[in-house]
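Visitor: I should like to examine this entry by asking, for each label, what justifies it. Could we set the values against the definitions?

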Amino acid sequence: MRQIEQKKLLTIITAGELQRMVIEQLKKRGIGGYTVVSASGAGTAGLESGMLMSDSSVIIYIIMSEARLERVLVDMDKFMSRGYRVKAFYQDINIMPRKPGKSSPDS
Amino acid sequence: MLSSALSNLLDPAVLFFVLGTGVGLLRSNLEIPPAIAKFLTLYLLVALGLKGGSALAEGGLPADGIYAIIAAIFMAALVPAVSFYILSRRINPFDSAAVAATYGSISAVTFITTQQFLADRAVEFGGYMTVAMVLMETPAILMAVVLATAVRAKEAMQQQAAETGTAPEEDDDFAPLSIRDVLQEALTDGAQLLLIGSLVIGYLAGPEGTAEMLPFTYDIFKGMLAFFLLEMGLLVGKQMSEGRAKIDKALFAFAFVSPPVNAAIAILLAFWIGLGVGDAVLLAVLSASASYIVVPAVARYAIPEARPGIYFTMALGLTFPFNIIVGIPLYYAMVQMLWGM
């Protein structure tokens with residue numbers, strides 16, 4: 001049985017057009033693993049129907065360590081300060097590492 | 001004029017748009033799966049590019065075409081400049097820049113619908129108008145980004161002056177976007193690349209080469225356009241019924257007044273340089289339409305301070321239906337009247 005590790009799951013909701021910008025920033029923090037899901041909804045930016053390329057949202061999931069999370073949250077804060085519509089929240093998770101008996105690298 | 005407007009309104013594609021809007025307003029559960037909706041946009045861009053490129057290969061680029069392209073570039077610079085000048089006196093400068101970019105650029109679907117309108121009436125137009133459309137897509141967003149950058153720099157200086165002695169924090173990762181960044185974002189936009197690529201393929205293959213694709217680009221085109229307009233109607237209806245975006249009166253008026261004014265300027269320009277009826281109507285529609293695909297997508301990245309709920313809703317929820325239902329027959333009637341004098 002693999003030893004369960006404690007990690008953070010960061011969830012970022014943003015416009016599809018900003019996906020590339022957010023992911024490039026994550027890469028600068030050494031994060032290469034993430035999952036992207038297309039989404040639709042509504043908010044202060046209006047209706048995001050997901051029907052056009054210009055009104056689609058994405059949800060980006062990233063699993064990482066707490067130390068790395070802090071740096072990423074600072075980046076998201078800077079994006080938000082510049083006016084980018086980015087929502088970020090995180091939660092504690094318990095995860096089975098990919099390799100048994102060895103601490104898995106951060107995302 | 002009235003008969004032209006009525007026959008346009010009874011066109012099945014336009015009727016599907018009206019149906020979609022009604023269904024969207026009723027908050028029905030009818031929906032087109034997002035993947036299919038996106039495919040329809042891509043299909044229309046491929047068909048438009050192939051047709052334009054093939055027509056360009058067949059007819060070449062006559063003097064009329066060069067004049068039309070120059071006029072189109074002139075309108076692509078004039079409309080955002082004047083729009084920003086008017087809007088920035090009333091609303092937030094970032095919103096003004098984004099709205100100016102949206103109205104300075106073009107709506108490919110309005111252009112396609114107009115081509116179909118002209119084809120139904122056997123009015124000829126040049127393949128070079130598709131080139132004009134492509135060239136009108138980007139100047140407005142570049143101009144808007146330059147304006148937004150100037151506003152941002154001014155605000156930063158004012159803030160720095162207010163916080164005397166504190167220098168702004170520098171961070172290379174979050175430096176303001178350069179024109180190169182924005183140009184790269186605009187020119188690598190998927191919709192833009194597909195349209196330009198299809199135009200080049202249509203030109204290289206010529207009428208003979210694209211003949212085999214006629215079932216794809218011509219035979220099913222009207223049906224696909226109708227289906228796409230149903231989708232757009234649903235989107236417009238949902239935007240209206242959600243009522244989330246707060247469009248103030250000045251912007252509301254701008255969304256309906258600026259298209260016919262821009263169209264009138266384009267028609268006078270077309271008359272002055274001696275374009276044909278079809279080319280003049282297309283130039284008017286290009287000048288009167290607002291982008292709701294490429295520019296809103298780029299503006300989210302390049303002008304993040306602007307509110308998408310304003311510029312996207314104005315372009316899609318107000319100006320697009322106006323042009324489809326009223327604008328196209330109105331501009332056609334204006335051209336017929338002026339050319340018939």
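Visitor: What makes B:Asp11, B:Asp120 and B:Lys222 a network?

Guide: These three residues are linked by salt bridges. The term requires a side-chain nitrogen of Lys or Arg within 4 Å of a carboxyl oxygen of Asp or Glu. The model is predicted: local features need pLDDT of at least 70, side-chain atom pairs count only at pLDDT 80 or more, and totals for chains, interfaces and linings use all residues. Residues are numbered from 1 along each chain as its sequence is written, chains are lettered from A and ligands numbered from 1 in the order in which they are written, and side-chain values use heavy atoms, with hydrogens and water left out.

Visitor: How many salt bridges does the rule give over all chains?

Guide: The count comes to eight over all chains.

Visitor: Why is the pair B:Asp95 and B:Arg307 called a salt bridge?

Guide: Their side chains come to 2.5 Å, N to O, and the pair therefore meets the cut-off. The residues belong to distant parts of the chain, 212 residues apart: B:Asp95 is in helix H5 (residues 93-104) of chain B, and B:Arg307 is in the loop between helix H15 (294-302) and helix H16 (308-339) of chain B. Helices here are DSSP runs of H or I with at least four residues, strands are runs of E with at least two, and both are numbered from the N terminus.

Visitor: Is B:Asp95 buried or exposed, and what of B:Arg307?

Guide: Buried means under 20% relative accessible area, exposed over 50%, and partly exposed in between (1.4 Å probe, protein chains only). B:Asp95 has 1% and is therefore buried; B:Arg307 has 39% and is therefore partly exposed.

Visitor: What makes B:Arg152 and B:Glu305 a further example?

Guide: The closest N and O atoms of B:Arg152 and B:Glu305 are 2.5 Å apart, which satisfies the rule. This pair also joins distant parts of the chain: B:Arg152 is in helix H8 (residues 139-162) of chain B, B:Glu305 is in the loop between H15 and H16 of chain B, and 153 residues separate them. B:Arg152, at 19% relative accessibility, counts as buried, whereas B:Glu305, at 22%, is partly exposed.

Visitor: Which salt bridge does A:Asp75 form?

Guide: The side chain of A:Asp75 meets that of A:Arg29 at 2.6 Å, N to O. A:Asp75 is in helix H2 of chain A, and A:Arg29, 46 residues apart from it, is in the loop between H1 and strand S2 (35-39) of chain A. A:Asp75 is buried at 2%; A:Arg29 is partly exposed at 24%.

Visitor: Why is helix H7 (residues 128-137) of chain B described as largely enclosed?

Guide: Nine of its 10 residues are buried, so the rest of the structure largely encloses this helix. The buried residues include B:Tyr128, B:Val131 and B:Glu137. B:Leu135 also lies in H7 of chain B, but its 37% makes it partly exposed. B:Leu135 touches B:Ile69 and B:Ile73, leaving aside residues up to four places away in sequence; to touch is to have heavy atoms within 4.5 Å.

Visitor: How many residues does each chain bring to the contact between chain A and chain B?

Guide: Chain A supplies 29 residues and chain B supplies 40 residues. About 2900 Å² is buried between the chains, 58% of it on carbon and sulfur atoms. In chain A, A:Met51, A:Met53 and A:Arg82 lose the most area, together 26% of what that side buries. Buried area is the accessible area (1.4 Å probe) that two parts lose on being put together, summed over both.

Visitor: Which salt bridge does A:Glu48 form?

Guide: A:Glu48 pairs with B:Arg300, and their closest N and O atoms are 2.8 Å apart. The rule finds one salt bridge across this interface.

Visitor: How confident is the predictor, and what is the mean for chain B?

Guide: Chain B has a mean pLDDT of 87, with 93% of its residues at 70 or more; pLDDT is the predictor's confidence in each residue, from 0 to 100. Within chain B, confidence is lowest in helix H1 (residues 2-9), at a mean of 71, and highest in helix H14 (residues 277-288), at 97. The model scores ipTM 0.73 and pTM 0.83.
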